[in-house]
Amino acid sequence: MSSVGIGGVPLDQEDPRADLTWGTIGALVDQVAERFDAIEAVVDGDVRLTFAQLAGEVDAYARGFMAAGTATGDRVAIWAPNCVEWMLAALGALRAGAVLVPLNTRFKGSEAAYILQSSGATVLATVRGFLGFDYPAMLQGEDVADLSTIVLLRDEGGAPDGVIALADFLAAGQAIDPNASASRAAAVRPDDTSDLIFTSGTTGYPKGAATTHAQSLRTFGTWASIVGLAPGDRYLIVNPFFHTFGYKAGILACLMAGATVVPEPVFDPKKVMVRIAEERISVLPGPPTLYQSVLADPQRAAYDLSSLRLGVTGAAVVPVELVHAMRDELGFSTVLTAYGLTESCGTVTMCRRSDSAEVIAHTSGRAIPGLEVQVVVDGEPVPAGQPGEIVVRGYTVMSGYWGNPEATAEAIDPDGWLHTGDIGVMDAQGNIAITDRLKDMFVVGGFNAYPAEIEAALRRHPSVGQVAVVGVPDQRMGEVGCAYIVPSATAGGLEAGDLGRTVLEWARDAMANYKVPRSVVIVEALPVNASGKVLKRELRDRMAAGKDQVVTSERSK
């Protein structure tokens with residue numbers, strides 16, 4: 001049977017912290033204020049807060065949310081880039097007993113509105129000016145359901161009508177007795193829902209994976225101990241806070257380990273190298289493209305990167321040469337890969353520090369302690385070395401999709417196994433190699449892109465009759481989307497090239513940039529099987545063979 005219960009390693013060989021039962025995130029902030037009091041908790045521009053100072057700021061935000069009417073169990077959304085205010089707002093909302101709902105900064109107004117509706121969020125904390133976006137303005141005219149309060153975390157351009165400036169939000173919170181916020185935090189239980197991270201899956205509509213305080217803390221206490229995150233580490237968080245990795249393997253892991261959060265809102269190789277040198281960054285996780293970009297920068301030698309020691313990557317194929325280059329050229333003493341998904345709190349398997357470069361490059365490691373992982377076909381485990389669907393059972397698995405019991409039942413079977421939709425092979429040591437995806441999801445520079453969601457958006461264009469999106473290899477991004485389009489009857493007499501470019505330009509205004517296909521192929525019909533299902537593998541094979549006339553826009557080149 002191809003099954004591993006505690007990562008293929010006897011439990012006494014793992015860090016003993018990995019199997020502890022954790023409390024709540026609010027309680028954690030208070031605990032680390034005493035344990036790591038003088039260590040810097042977060043550094044962002046001119047803002048430098050120790051762990052002791054962090055606790056006071058988090059409480060100020062908690063009282064702000066309480067003054068705004070946030071009740072225990074209410075959903076608070078955050079739509080902002082990586083910054084100290086995101087961290088404080090998130091931790092403050094959790095201290096106030098709320099459920100956190102992060103929003104992708106690449107979302108357009110309609111995409112964000114859908115999440116706000118689905119979650120029933122009553123408060124949104126956001127910004128203006130990031131990458132030229134005015135997030136409050138993008139929601140004008142959208143149905144935002146229960147949303148009653150918008151708080152501007154940073155005041156670029158000032159707070160427009162109907163939006164509360166951060167200073168006013170915090171000032172209102174001063175009227176709340178600190179004992180009231182402390183009581184609110186104490187009433188939160190470890191098994192209460194802490195966050196809803198929305199993921200699209202195969203339906204074309206995002207679903208909120210609900211996880212609890214205890215799940216997140218136990219999972220990333222385990223994560224921190226396996227990678228070796230330690231007090232005094234300085235962690236440059238390039239992975240977005242709205243993603244499980246940036247928020248949980250970033251903020252929460254740093255809190256538990258006593259490491260310093262250094263937020264980076266946008267990845268730029270030169271800016272990252274400057275931050276590494278200035279802040280003596282020791283921890284730099286990210287997708288393979290991050291390290292490849294730094295390695296390829298012709299001015300890399302001009303920056304002092306000697307402080308780097310820990311890199312964690314995944315979400316795409318990792319060449320063994322990259323692992324060696326990270327160690328030999330960038331100076332990482334520890335390089336690890338891992339595998340996870342939102343529905344499993346972001347973590348399923350991890351390599352260990354003692355693994356070889358070949359294991360780290362060619363697999364995503366083995367199950368973390370206390371978790372069961374199997375490779376199955378038709379629900380039955382297969383022998384080592386045989387491909388099948390990866391399923392996982394244990395404390396990382398979500399309680400379910402928010403307000404969607406039908407989708408939950410499809411994802412988690414009656415025996416508690418979460419069906420990941422990913423195809424993999426497990427070796428005799430329990431290491432998993434991801435080989436394919438049942439769900440057709442592809443990864444664009446570390447972002448999960450879901451064809452069903454992209455196709456649903458593209459079908460809104462009047463010239464698109466039918467569409468199928470597949471992921472194709474890309475040297476820089478790992479994978480990008482290619483849309484096979486059958487023109488609609490109203491497409492008119494546009495040439496294939498003009499039609500393709502028109503759709504691509506339209507898509508850039510309709511969806512987040514990582515979802516936008518980089519190319520289009522105009523076809524008379526899509527290949528389908530006897531039941532009418534589109535044969536996407538055939539489309540991928542056609543693309544790989546170079547059989548199709550591909551249309552790109554100037555901005556996608």
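**Aromatic pairs, a mixed sheet and a cavity**

In this predicted model, Phe-51 has a relative accessibility of 0% and therefore counts as buried. A good way into the structure is to follow this residue to its partner. Phe-51 belongs to helix α2, which covers residues 51–67, while Phe-36 sits in the loop between α1 (25–35) and β2 (40–44). The two residues are 15 apart along the chain, and their pair links distant parts of it. Phe-36 is likewise assigned to the buried class, because its relative accessibility is 6%, and the cut-off for that class is under 20%.

How such a pair is arranged can be put in two values. A pair of aromatic rings is described by the distance of the centres and the angle of the planes. A search of the whole structure yields 12 aromatic pairs. For Phe-36 and Phe-51, the ring centres are 5.6 Å apart and the planes meet at 55°, so this pair is classed as tilted. The reasoning rests on the limits for the classes: stacked pairs have planes under 30 degrees apart and edge-to-face pairs over 60, so an angle that fits neither is called tilted.

A second tilted pair is formed by Tyr-114 and Tyr-205, with 6.1 Å from centre to centre and 35° between the planes. Tyr-114 is part of helix α4 (residues 109–119), whereas Tyr-205 is found in the loop between β9 (193–199) and β10 (207–212); the pair therefore ties together parts that lie 91 residues apart in sequence. As for the surface, Tyr-114 is partly exposed because its relative accessibility is 28%, and Tyr-205, at 51%, counts as exposed. Aromatic residues also gather in a cluster, made up of Tyr-61, Phe-65 and Phe-169.

Some rings have a charged residue over the face. Lys-207 is placed over the face of Tyr-401, at 4.8 Å from the ring centre. Arg-218 takes up such a position over Tyr-395, where the distance to the ring centre is 3.7 Å.

The cysteines come next. The structure contains 0 disulfides. For Cys-254, the closest cysteine sulfur is that of Cys-83, and because the two sulfurs are 15 Å apart, they are too far from each other for a bond. Cys-254 counts as buried, with a relative accessibility of 1%. Cys-482 is buried as well, at 0%.

Turning to the strands, an open sheet of 4 strands runs in the order β13-β14-β15-β16 and has mixed pairing. Its edges are formed by β13 (310–314) and β16 (366–367), each of which pairs on one side only. Inside this order, β14 (residues 334–339) and β15 (residues 349–350) pair in the antiparallel sense over 2 bridges. Ala-338 has Met-350 of β15 as its bridge partner.

Finally, the interior can be searched for empty space. Rolling a probe the size of a water molecule over the atoms shows where such space is left. The count comes to 1 cavity of 30 Å³ or more. The largest cavity has a volume of about 310 Å³. Its lining consists of 21 residues, and those nearest the centre are Asn-104, Phe-198, Thr-199, Phe-242 and Tyr-514. Strands β9 and β24 (447–449) each give at least two residues to this lining. The largest share, 4 residues, is supplied by β9.

Methods
Residues numbered from 1 in each chain as written. Predicted model: local features only at pLDDT ≥ 70, side-chain atom pairs only at ≥ 80, totals over all residues. Heavy atoms only, no water. Phe/Tyr/Trp six-rings, centres within 6.5 Å; stacked < 30°, edge-to-face > 60°. Buried < 20%, exposed > 50% of the residue type's maximum accessible area, 1.4 Å probe, protein only. Lys NZ or Arg CZ within 6 Å of the ring centre and 35° of its normal. Disulfide = S-S within 2.5 Å. Pairing = 2+ DSSP bridges. 1 Å grid on protein atoms, 1.4 Å probe; cavity = no way out; pocket = protein on both sides within 12 Å on 5 of 7 lines; lining within 4 Å. Points joined across faces, edges and corners; volume = space filled by probe spheres on them.
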